[in-house]
Amino acid sequence: MVVAIAIYGFTAVSKFSAICAPWLFVMFISGAFILLPALSLDVLGETLPSGWTELINLGDQSIWTGVNSDGEPGIGLLEVIGFAWAANSITHFGLIDMALFRFAKKKSYGLATSTGMMFGHFVAWISAGIMGAGAAVIIGKSIVELDPGDVAYYALGWSGFVIVIVAGWTTAVANLYRAGLAAQAIFTKSSRKKTTIIVGLVTMVVACFPFVFSQMLPLLTYAGLLVVPVGSIVFAEHQIFPKIGYTRYWSQYRKLTFSTPAIASWALGLLFGFGLNMLNVMSFYYLFIPTWIFTILIYTFLAGRYGAKNKYPEEEEKERIRNINIEKFQEKKAEKEVVIIVDNSLFTKVLKIISLVVLAITLVLACIVLFGSETEKIYIENRELFYTYAFVCTVIYFATSIWALRRGNSLNK
């Protein structure tokens, strides 16, 4: 399913995400609301903590206990922050954002990244912690014995199975699309669809092996280390060079087909990062920070030795004229583009309103479970009520959202 969506290109990926994202935000928040009373009953003997101090105490005893599944000291807050940053450094420090945002029409589009981080990681991870600990209490098992299906079901009922699938899809679709583009850059004779299918099939096979999900933390961090030096090279070239009097695009002006400073900096960055890890100088959650800085310094030094210090007035003037011509070409191309017809029909508006209303109903039902359950009996009754009607709302949301989307698409065929 993920591969099928990814091969249709960026438009399909963005439309798919636009439908799933609002529902995911609501469901993650709702899941935490549903299972927090179960945790509170187990730890505090009441359905709702009376204040912030009790809430933190509840978390200390049942969620962020400081002890891992083997009874040994776990990671601290700084390592959690370090891992969160390192896992996403693939995207932010590792060039992916820069590669996508170079096509952005406005600088403000960069806020989309921070918004996604806020809800997709900060809110979602806190909610996942509450849901995991709450499901463990209800089932009577250790949290490490649970799989995502167990946690999602006890948090959201049948909607939980949907969220496990959709959450996986929304992450995998975008990554597969990018991976297909990257593969096409290497295998230039193959189409993007073909390379995406091949990458997708390989990913499906790899994902069947337990080491992928059982070693997710180090895998993400090491993957970040691989691409962070690339991001630092691009950052140095675009942001630092103009400020220190170096020439941006110097290797292009010198007509070099192989950039020794770039390759050497990337290789040395990897040696530096993985060397620090082997020497156990610091937690591997933080390795991307010194690796990023180290690679910037090495690339700046080597690029200066290979010609970045020099001036290329003729080449820079040609580049300036080229950019002006590109802008003119894009403007002419934009004039010929087909104007997208926005569906403002009453029926489509009604469909969109219904989809928003059912999301609001889902959140209200979750609030009733959290704030309207004075006793354990009432809590269980409210929770069962949520399971039933939240799933009905989920079905209605996707039905109306997809219907509205298809009506808009039909106008532009």
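This report walks through the helices, cores, a buried threonine and the salt bridges of the structure above.

**Overall build**

The model is predicted, and it is helical throughout its regular secondary structure, with 17 helices and 0 strands. Measuring along the principal axes is a handy way to get oriented: the C-alpha trace spans about 80 × 60 × 40 Å. Of the 413 residues in the protein, 35% are buried. Among contacts with a separation of 6 or more, 73% join residues that lie 24 or more positions apart. The accessible surface comes to about 24400 Å², and carbon and sulfur atoms account for 68% of that area.

**Two nonpolar cores**

Let us turn to the inside. The largest nonpolar core has 38 residues, and the ones with the most contacts inside it are W23, I34, L35, I163, F386, Y397 and F398. Several helices supply at least two residues each to this core, including α1 (2-6), α6 (111-139), α8 (158-186), α16 (346-371) and α17 (376-411). The leading contributor is α2, which gives 10 residues.

L35 is a good residue to click on here. Leaving aside residues up to four places away in sequence, L35 touches I130, M131, G134, A135, I138, V151, Y154, A155 and Y379. Apart from this core lies another one, made of 15 residues, among them A236, F241, Y246 and A303.

**One face of α7**

Helix α7 covers residues 148-156 and is one of the helices that supply at least two residues to the largest core. Its buried residues include V151, A152, A155 and L156. Looking down the axis of α7, the buried residues fall within an arc of 95°, so they line one face of the helix. Two of the residues named there, V151 and A155, are also among the contacts of L35. Just after α7 comes G157, which takes a positive phi of about 70°.

**A buried threonine in α14**

Which helix holds T300? T300 is found in α14, which runs over residues 288-308. Its relative accessible area is 14%, and because buried means under 20%, T300 counts as buried. The side chain of T300 reaches the backbone oxygen of I296 at 2.7 Å. Beyond residues up to four places away in sequence, T300 touches A236, F241, I244 and Y246. Of these, A236, F241 and Y246 are members of the core of 15 residues.

**Salt bridges in α15**

Side chains of opposite charge can pair when their charged atoms come close. How many salt bridges does the structure hold? There are 2, and the table lists them with the distance between the closest N and O atoms.

| Pair | Closest N and O atoms |
|---|---|
| R320 and E317 | 2.7 Å |
| E319 and R322 | 3.5 Å |

R320 and E317 both lie in helix α15 (residues 313-336), 3 residues apart, which is about one turn of the helix. E319 and R322 also both lie in α15, again 3 residues apart and about one turn of the helix.

How covered are the partners? R320 is partly exposed at 44% relative accessibility, and E317 is partly exposed too, with a relative accessible area of 34%. In the other pair, E319 is buried, with a relative accessible area of 11%, whereas R322 counts as partly exposed at 46% relative accessibility.

Definitions and conventions: Residues are numbered from 1 along each chain as its sequence is written. Side-chain values use heavy atoms; hydrogens and water are left out. A nonpolar core is a set of buried Ala, Val, Leu, Ile, Met, Phe, Trp, Tyr and Cys residues joined through side-chain atoms within 4.5 Å. Buried means under 20% relative accessible area, exposed over 50%, partly exposed in between (1.4 Å probe, protein chains only). Helices (H or I, at least four residues) and strands (E, at least two) are DSSP runs, numbered from the N terminus. Contact means heavy atoms within 4.5 Å. A polar contact is a pair of N or O atoms within 3.5 Å; within protein, one must be able to donate a hydrogen and the other to accept it, and residues adjacent in sequence count only if both atoms are side-chain atoms. The arc is that of the directions from the helix axis to the C-beta atoms. A salt bridge is a side-chain nitrogen of Lys or Arg within 4 Å of a carboxyl oxygen of Asp or Glu. Accessible areas come from the Shrake-Rupley method with a 1.4 Å probe; for residues, only the protein chains shown count as cover.
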